[in-house]
Amino acid sequence: MPRPRLPFSRPLPRRRVLLAGAGAAAALLGPPPGPAVAVPHPRTAAPSQPYAAYWFPDSLPSGTPGDGIVWRSLADWTPETDRDLPFNTATVPLAERFTPVPANTTARAGQARISALAAFDHTAGNPSQGSATADYYAPTHWAYLDELVFWGGSAGEGLILAPNAPVVDAAHRNGVPVLGTVFLPPAAYGGQLRWTRDLVRKDGAGRFPLAAKLVAVARAYGFDGWFLNAETEGGDTALAADMRGFLRALRAAGAPHGLRITWYDAMDSSGRVGWQGALDERNREFFQDAAGPVADTLFVDFRWSARSLADSGRLAGQLGRSRYELWAGVDVESAGWDTVTDWDAIVPADRDHVVSYGFYRPEWTLGHLPAGRTPGDFHAADDRFWCGECLDPSRPGGEGGGWRAPAAAVADRSTVIALPFATTFNTGHGLRWYDRGTVTSEAPWNHLGLQDRLPPRRWAVGTAGQRPDVSLDFADAWRGGSSLLVRGTLDSPATVELFPTRLPCGTATVVDLTHRLDPGSGPVTVEVAVAPRDAPAPGEPAPYVYLPAGTVEAGDGGWRTVSLRIGGAADTGTVRALGIRLTGRAGAPVAWRLGGLAVHDAAGKPAAPHGLKVTEAATAGGTTALRVTWRRCAGPVRHYELHRRLPDGTRVFLGGTCGTAFHLAGLRRAAHEPAAQLEVRAVDELFASSAPSRTRHPW
């Protein structure tokens with residue numbers, strides 16, 4: 001079928017510009033190439049605010065950068081002189097994961113995989129550690145992803161974009177590597193061939209200095225490699241040869257550190273930009289040449305056809321490579337699940353998958369929503385995008401032959417393999433912050449590094465009666481910004497499948513359940529579902545054993561925590577799946593919340609951090625912004641949380657991070673206090689908090 005030309009660098013679709021309004025659209029697009037125009041930028045309100053790093057390869061544009069933009073040369077970068085490095089460094093290691101028995105009979109393990117290119121903001125506008133809004137793209141369907149590209153780059157800001165730490169930490173917690181972007185744009189979007197030549201320039205010894213710099217950046221910042229997209233026209237065979245040499249140098253330097261390269265199908269062996277829509281003789285040398293692999297994966301341009309993908313898969317096999325190392329581009333930026341795609345060309349339902357597929361701009365699930373959207377609106381759309389219209393991956397479909405949700409084709413993965421394991425169903429953004437059911441900050445927020453591991457199968461529910469609605473809800477929470485809400489008429493017991501696991505279980509292993517009913521709900525009898533064995537076949541339920549957790553009534557007084565010893569329920573010594581079974585009474589409508597779930601052998605308290613201090617302060621418009629640092633505590637830490645102690649003793653949540661540096665914005669003096677009292681605590685995997693490290697900042 002014919003494919004329209006959909007370059008990565010094209011402007012936002014007209015419909016999105018109209019919905020966003022001119023100002024918002026300008027912010028999404030970034031400044032135009034050439035002489036920059038001053039655009040209001042949040043950085044002007046907080047001079048010390050750190051942002052994700054971005055660079056030009058070496059030479060800078062002519063003119064003056066726009067407001068809030070800093071033109072930098074990667075050739076000049078060193079970690080020692082990078083003042084924002086402590087705020088941009090990801091610390092969560094890439095988790096190991098496994099593939100459970102698929103949730104349905106159509107999803108396949110070991111075949112097609114998924115890469116996603118997502119823009120979280122424009123190149124210069126990605127805060128290093130979240131921001132004070134819940135209106136943020138917070139991906140949670142990591143179970144279907146094999147790679148996330150932190151998409152960006154523009155001729156007016158910078159061409160090389162390193163991912164921010166919250167995105168990397170969230171992805172790593174779920175076993176997903178994250179790549180930075182090197183984008184050499186077409187001339188129509190301000191691209192200049194000199195920037196391509198800067199990137200692949202060799203030194204006097206024949207080495208590629210910027211290949212070494214890209215490896216150094218990825219290692220210092222803690223992410224997993226680079227997506228390279230060379231779309232600037234005007235090259236020749238010599239430039240193509242230099243680009244291949246550059247990729248080889250990048251691969252050789254990065255491979256010992258586990259770094260990876262994805263190459264976009266644009267520049268070909270002639271040095272010209274010729275989008276093939278395939279792996280073929282014109283671009284294969286950037287994927288593999290006579291000496292072996294050059295890139296780990298290839299993102300095939302959108303103009304593919306069923307024949308070109310089939311031929312690409314065969315060629316990959318002839319090269320000794322997997323056909324699933326080819327990502328077939330699927331542009332969902334404009335139409336999301338209404339995107340017209342020949343799915344059988346990628347993931348046919350009746351035979352082996354042909355190649356893998358790559359989503360371009362899946363943050364459509366947020367961006368297409370109208371003004372006034374809520375986090376709940378976003379997650380409802382995101383669940384439909386990844387799991388299908390039925391919102392149950394155990395029975396995907398219902399799209400009338402159009403959208404083929406990833407859950408219908410790709411087997412989910414899980415990182416729940418070790419004790420302790422805990423989740424509070426926190427999505428990494430919220431309308432306020434809760435701590436043990438109490439609101440400790442009324443401010444909306446986002447920080448993906450604080451995101452928990454969340455149920456991958458949204459929402460697999462087994463019942464002989466009416467199926468309840470299941471969602472991640474933001475109206476109340478035990479901890480963080482959200483909880484799991486089950487709502488509906490339970491006219492028959494309903495089992496909500498939560499996590500495929502490989503958790504070791506002994507005589508001392510317990511499961512903790514924190515839950516409550518919303519006012520007006522009918523009573524609910526709750527059981528924890530524990531599976532000692534895998535599901536017998538794809539699409540079949542796990543063989544659960546049910547542990548009684550009691551019956552809750554609407555007037556029982558809010559959140560309650562129940563601890564249950566797993567004991568003989570896991571007679572194999574391993575818990576293979578976790579879920580919840582709910583039973584209503586007399587068909588009364590229920591609204592039951594799950595605020596926390598934990599499995600562990602023993603619980604303790606983490607050691608305290610030390611040396612909290614203010615390293616920079618800036619005051620503007622009656623508010624103060626601070627940069628603070630501290631020393632990492634001994635032992636395992638999930639993340640750190642910062643609070644302010646007010647004169648009346650109230651403790652207010654300010655933010656959290658997986659690192660040891662944080663930027664605090666918008667602080668105001670309370671009454672006549674002589675100094676702001678700040679505290680930082682370590683938080684462990686069971687969400688226990690340490691004693692604080694404290695400091696004071698005089699007003």
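Before anything else, a reminder to myself: I call a residue buried when its relative accessible area is under 20%. I am working from a predicted model.

**Entry 1: strand E23**

I started with strand E23, residues 510-517, and asked how many of its residues are buried. The count came out at 8 of the 8, so I note E23 as largely enclosed by the rest of the structure. Next I looked up which way the side chains go. In a regular strand they alternate between the two faces of the sheet. Here Val-510, Asp-512, Thr-514 and Arg-516 point one way, while Val-511, Leu-513, His-515 and Leu-517 point the other way. I was happy to write down that both sets are buried, Asp-512 and Arg-516 included.

**Entry 2: the partners of E23**

Which strands pair with E23? I found strand E26, residues 560-565, joined to E23 in the antiparallel sense over 6 bridges. Within E26, Arg-560 is the bridge partner of His-515. I also found strand E28, residues 589-600, which runs antiparallel to E23 and is joined to it by 8 bridges. On that side I placed Leu-517 opposite Trp-592 of E28.

**Entry 3: a sheet of 5 strands**

I then traced an open sheet with the order E18-E22-E27-E24-E25, and its pairing is antiparallel. Where are its edges? I have them as strand E18 (461-463) and strand E25 (545-552), each pairing on one side only. Direction ignored, I get an average turn of 25° between neighbouring strands of this sheet.

Inside the sheet I checked one pair, E24 (residues 524-531) with E27 (residues 574-583), and found 7 bridges in the antiparallel sense. Val-526 has Leu-582 of E27 as its bridge partner.

**Entry 4: a sheet of 3 strands**

My next stop was another open antiparallel sheet, in the order E16-E15-E20. Strand E16 (438-441) and strand E20 (479-480) are the edges, pairing on one side only. I see 2 bridges between E15 (residues 433-435) and E20, again antiparallel. One of the residues I can match up is Tyr-434, whose bridge partner in E20 is Gly-480.

**Entry 5: the second largest pocket**

Last, I turned to the second largest pocket and noted a volume of about 630 Å³. How many residues line this pocket, and which lie nearest its centre? I have 29 in the lining, with Pro-420, Arg-453, Pro-636, Val-637 and Glu-685 nearest the centre. Sorting the lining by class gave me 17 nonpolar, 5 polar and 7 charged residues.

Conventions: Residues are numbered from 1 along each chain as its sequence is written. This is a predicted model: local features need pLDDT of at least 70, side-chain atom pairs count only at pLDDT 80 or more; totals for chains, interfaces and linings use all residues. Side-chain values use heavy atoms; hydrogens and water are left out. On a 1 Å grid over the protein atoms alone, a cavity is a set of points where a 1.4 Å probe fits but cannot get out, and a pocket is an open set with protein on both sides within 12 Å along at least five of seven lines; lining residues have an atom within 4 Å of a point. Grid points are joined across faces, edges and corners, and a volume is the space filled by probe spheres set on the points. Ala, Val, Leu, Ile, Met, Phe, Trp, Tyr, Cys and Pro count as nonpolar, Asp, Glu, Lys and Arg as charged, and the others, Gly among them, as polar. Two strands pair if DSSP finds at least two bridges between them. Helices (H or I, at least four residues) and strands (E, at least two) are DSSP runs, numbered from the N terminus. Axes are lines fitted to C-alpha atoms, for helices over the stretch in contact, and angles run from 0 to 180 degrees between N-to-C directions. Buried means under 20% relative accessible area, exposed over 50%, partly exposed in between (1.4 Å probe, protein chains only).
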